Each structure stands twice: as C-alpha cells, then as structure tokens.
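Subject: Structure for your review

Dear colleague,

Please find below the structure that I am handing over to you. My notes on what was found in it follow directly after.

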Amino acid sequence: MSAHRVAVVAPSPVSMFNLAIPEMLFGKVVTDGRPGYEVLVCTADPGPVPTTGGLDLHVPHGLDALEDADTVIVAGTGAPFEPDPRIVAAVRAAAACGKRIASLCTGAFQLAEAGLLHGRRATTYWEHADELRRRYPQVDLQGDVLYVQDGPYLTASGYAAGIDLCLHVIRTDYGAAVANRVARLALVAPVRPGGQTQFTQTPLPPERGTACADVRGWAMRNLDKPLTLTDLARHAGVSVRTLTRRFHAESGVSPLQWLLHQRVERAKELLETTTLPMDQVARACGLGTADSLRAHVLRRTGLTPSAYRAQFSRLGTAGREAPSSVA
C-alpha cells in the first residue's frame, strides 16, 4: 500500500508552528514497516517564504503539488484577510477532484474564499471568528470548538488544535491505535473530540479601579464559604446597590458573576493540582456539591470535571486517586 500523500500549503507569511504539525505527526505513522504518509510543503511562489516569526523558509515546491495529493492542508497565515487567489484557485480545483481539504487556524479563510465552506460547519481561531463570520455569512461557523469535519472538509481552530485535527485524520485513515501511538511518540494528548471547547472563555475584563479591591481579596480568601451579595456588601461597608455599581465599574461584571468565575477557576486549579474527590473540590471552591461542580465546569470548558482532570492534571499518574463517580 502506497503512502497517503499530504500537500501542506504555506500562505505568506506562514505560521511555522502550523507547518511543523503535519510533518511531526504524519511523519510518525508507520504501517507494516513503511511510512503511512508522504508530506510535501508547497507554496504559490517557490523559494523563500516569509513566516509570522520574521524568518524566511525555503519552500521548493509549487501549487502543482496539490495535483498528486490525497489530502490538502492549508496552514495559517499572518495575513488571513487577504487570501491568495492562486491558493484559492488551487484548493478549489483540488476539492473538485475529490481530495480531502483541511485548514489549520486562519487557513480557513482560504477555504471560505474558495467557496468550500458554503453551507457547511467550520471553525477558525477564536480571535478571528467574528471576522470570518462577517465576511462569509454562508459558513456555519462553530466559534468555540477545536476542529470540525463536514464531509471532506476539515477546519481546526488555532495553534495546538491543529494537532488534534491531524490526529483525527490519522485515526480516520489508520485507526485509533495508530493515532494514539503517534500521540504518545509526539508527547501530546490522545485524540480529543472536535467539539471540545478552545478553553478561551471568560477572561474577565481588566480591573479599572481599587475601591473594591479589599472585598475582592476577602472573597478570594473565603471562596469555600457560601458568600452572598449581602455578605460582600457588608464586608465592604456599603449597600448592595452601591457595591454592585462600583464592582461593575471596576470589573466589568456583577459581583456574583465575578464570584462564580473565581469559584470555577479555583475548581479548575484543584482539578489540575490535587487528587481531591469531586465533592471535596466542590466544597473547597464554594460550589457546594459535585453535581453543581459538574454543571459549572461543563458549561465553562465543555468537559466534565473528571475529563478536565484527566486532560490537564499536572500530577504524575503514580499515586493518583480514582475520580469520584459523580463527575
């Protein structure tokens, strides 16, 4: 069986990280002692290609490499809003020939410009999701997932999500055992579901004052307690109405929204750094019960607490306790 041919397109200026991902992962696939993939990097103008890091990469192959490819992957670029018409045409022609087409990060703009994502589910890096939605309203944009496959077209969000997309491709082509082995060799997480969130939610607005700094600090030291809005106002020595107004002016959110955010962040920290059972994690961060913990962590991250711990634990496996049955 011949190796599956993958053409990785490098728009200028290209993301070096995006280019490294397919070679790193596909290059580790070996079946029956033979390479499972042949990876070729190509570009519209063969020769030096500027990168987003300020370096030039020498890419000797032109877009005719797409003609012999089984899969085409368009890497992300630092100029996502200026799709190269030559790349757009080459990708459109490859799709017309029935090839599998994928994009990493902002490479989705090239696929959208080619019309491949019209009426299809797709994603891109969260920071540019609104712009892609504005420019290509026909795309069913999934704004907060790792990667999406809709028919023969695959799109990954940003950065490490490209790893997840490539592992998904390997699993599709060669099975889960091969994909997981590649993940171990590359020292990355096993295949993650594409619908998992990008973990970009809820950075709070920057604080714009210090009038409520004392009550915020006090609340952080007492997250394990069932604090109410009245408790916060009493500690601040002001009315509930005054606290709410000042808090929102400084933090951009209400006191209770801020408090819930801090509770979930503390829960995530405990899930990453301890082996506490779920009910103890819930009590320690003030969420009360394991069911409440599960609901809030799932809403915030797209993962159950036990799945979040398995994915992001900073502890070694030795001595790790089994998670609670309620997760």
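A residue is called buried here when its relative accessible area is under 20%, exposed when that value is over 50%, and partly exposed in between. Please bear in mind throughout that this is a predicted model.

Overall composition

The chain has 327 residues, of which 46% count as buried. It contains 13 helices and 12 strands. Taking the contacts between residues at least 6 apart in sequence, 65% join residues that are at least 24 apart.

Helix α10

Helix α10 covers residues 255-273, 19 residues in all, and at 1.5 Å a residue it should span 27 Å; the C-alpha atoms at its ends are 27 Å apart, so the expected and computed values agree. Which residues of α10 are buried? They are Pro255, Trp258, Leu259, His261, Gln262, Arg263, Val264, Ala267, Lys268, Leu270, Leu271 and Glu272. When reading such a list, it helps to recall that an α-helix has 3.6 residues a turn, so residues three or four places apart point the same way.

Helices α8 and α9

Two packed helices are described by the angle between their axes and the distance between the axes. For helix α8 (residues 229-236) and helix α9 (residues 240-251), the axes come within 9 Å and cross at roughly 85°. An angle of 65 to 115 degrees counts as roughly perpendicular, and α8 and α9 are therefore roughly perpendicular to each other. On the α8 side, the contact is made by Leu229, Thr230, Leu232, Ala233 and Ala236, and on the α9 side by Val240, Leu243 and Thr244. Six of the residues in this contact are nonpolar, two are polar and none is charged.

Salt bridges

How many salt bridges does the count come to? The total is 12, and several of them are described here.

Arg5 pairs with Asp70, with 3.9 Å between the closest N and O atoms. This salt bridge links distant parts of the chain: Arg5 belongs to strand β1 (residues 4-9), whereas Asp70 sits in the loop between β6 (56-59) and β7 (71-74), 65 residues apart. Arg5 has a relative accessibility of 33% and so counts as partly exposed. Asp70, with a relative accessible area of 30%, is also partly exposed.

Asp173 forms a salt bridge with Arg100, and here the closest N and O atoms are 2.8 Å apart. Because Asp173 lies in helix α5 (residues 161-174) and Arg100 in strand β8 (residues 100-103), the pair ties together parts that are 73 residues apart in sequence. Is each partner buried or partly exposed? Asp173 is partly exposed, at 28% relative accessibility, whereas Arg100 is buried, with a relative accessible area of 14%.

Asp224 and Lys225 also meet through their side chains in a salt bridge, at 3.8 Å from N to O. Asp224 is partly exposed, with a relative accessible area of 43%, and Lys225 is partly exposed at 38% relative accessibility. In addition, Asp45, Asp84 and Arg86 are linked in a network of salt bridges.

The surroundings of Ala75

Ala75 is placed in the loop between β7 and α2 (85-96). Its relative accessibility is 0%, so Ala75 counts as buried. Leaving aside residues up to four places away in sequence, Ala75 touches Val9, Pro11, Val14, Asn18, Leu19, Leu104 and Gly107. Ala75 and Val14 are 61 residues apart in sequence, yet their C-alpha atoms are 6.9 Å apart in space.

Backbone points to note

Most residues other than glycine have a negative phi, and most peptide bonds are trans. Against that background, three places deserve a mention.

- The peptide bond from Ser12 to Pro13 is cis, with omega near -10°; Pro13 lies in the loop between β1 and α1 (16-26).
- Asp32 is not a glycine, yet its phi is positive, near 55°. Asp32 is in the loop between β2 (30-31) and β3 (34-35) and counts as exposed at 79% relative accessibility.
- Cys105 likewise has a positive phi, of about 55°, although it is not a glycine. Cys105 is found in the loop between β8 and α3 (108-113) and counts as buried at 12% relative accessibility.

With kind regards

Methods
Residues numbered from 1 in each chain as written. Predicted model: local features only at pLDDT ≥ 70, side-chain atom pairs only at ≥ 80, totals over all residues. Heavy atoms only, no water. Helix = DSSP H or I, 4+ residues; strand = E, 2+ residues; numbered from the N terminus. Expected span 1.5 Å × (residues − 1). Buried < 20%, exposed > 50% of the residue type's maximum accessible area, 1.4 Å probe, protein only. Salt bridge = Lys/Arg side-chain N within 4 Å of Asp/Glu carboxyl O. Axes fitted to C-alpha atoms, helices over the stretch in contact; angles between N-to-C directions. Parallel < 35°, antiparallel > 145°, perpendicular 65-115°, else oblique. Contact = heavy atoms within 4.5 Å. Nonpolar A, V, L, I, M, F, W, Y, C, P; charged D, E, K, R; others polar.
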